[in-house]
Amino acid sequence: MTVQRDTFLDGSVVHLKLDFGKGNILDVAAIGELREAVAEIGDRSDLKAILLDHAGQHFSFGASVEDHLPER
């Protein structure tokens, strides 16, 4: 699992690429990594956009049902 990060246009665009395996399922660990990647960007006045992208064939199959049950 990983979120790859690149910057473009003198840092005004940050490119985050989700690479969480087949289907880029958003489970608790994946959401944590995405939050961490966004937090690392910080509050920057020069930032114009964050581009979310994907590795593999699909952007995301969505949330992990098991990780989003009422008891969790």
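User: Which residue is the bridge partner of V13 in β3?

Analyst: In this predicted model, strand β2 spans residues 13–19, and β2 pairs with β3 in the parallel sense over 6 bridges. Strand β3 covers residues 49–54. Within β3, the residue bridged to V13 is A49.

User: What is the handedness of the β-α-β crossover from β2 to β3?

Analyst: Between β2 and β3 the chain passes through helix α1, residues 28–41. The two strands joined in this way are paired in the parallel sense. The β-α-β crossover is right-handed.

User: Which residue in β2 stands opposite R5?

Analyst: Strand β1 comprises residues 2–8, and 7 bridges join β1 to β2. These two strands run antiparallel. Opposite R5, in β2, stands L16.

User: Which residue takes a positive phi in the hairpin of β1 and β2?

Analyst: The hairpin has 4 residues between its strands. A positive phi near 50 degrees is found there at L9.

User: How many of the 7 residues of strand β2 are buried?

Analyst: Strand β2 pairs with β1 through 7 bridges and with β3 through 6 bridges. The strand is described as mostly covered. Of its 7 residues, the number buried is 5.

User: Which residue forms a salt bridge with D46?

Analyst: Side chains of opposite charge can pair when their charged atoms come close. A search of the whole structure finds 1 salt bridge, and its closest N and O atoms are 3.1 Å apart. D46 is partly exposed at 34% relative accessible area. The partner, itself partly exposed at 27%, is R44.

User: Is L52 buried, partly exposed or exposed?

Analyst: L52 lies in strand β3 and belongs to a nonpolar surface patch with V38, I50 and F59. Together these residues have about 330 Å² of accessible area. The relative accessibility of L52 is 44%. Because this value falls between the 20% and 50% cut-offs, L52 counts as partly exposed.

User: What pattern does the chain follow along the sequence?

Analyst: The chain has 1 helix and 3 strands. Strands β1 and β2 form a hairpin, and helix α1 is crossed on the way from β2 to β3. Read along the sequence, the pattern is β-β-α-β.

User: What percentage of the accessible surface of the chain belongs to carbon and sulfur atoms?

Analyst: Of the 72 residues of the chain, 25% count as buried. The accessible surface comes to about 5,000 Å². The share belonging to carbon and sulfur atoms is 53%.

Definitions and conventions. Residues are numbered from 1 along each chain as its sequence is written. This is a predicted model: local features need pLDDT of at least 70, side-chain atom pairs count only at pLDDT 80 or more; totals for chains, interfaces and linings use all residues. Side-chain values use heavy atoms; hydrogens and water are left out. A salt bridge is a side-chain nitrogen of Lys or Arg within 4 Å of a carboxyl oxygen of Asp or Glu. Buried means under 20% relative accessible area, exposed over 50%, partly exposed in between (1.4 Å probe, protein chains only). Patches are made of residues with over 30% relative accessible area and no salt bridge: like charges are joined within 9 Å, nonpolar side chains (Val, Leu, Ile, Met, Phe, Trp, Tyr) within 5 Å. Accessible areas come from the Shrake-Rupley method with a 1.4 Å probe; for residues, only the protein chains shown count as cover. Two strands pair if DSSP finds at least two bridges between them. A crossover is right-handed if, with the strands pointing away from the viewer, the path from the first strand over the helix to the second runs clockwise.
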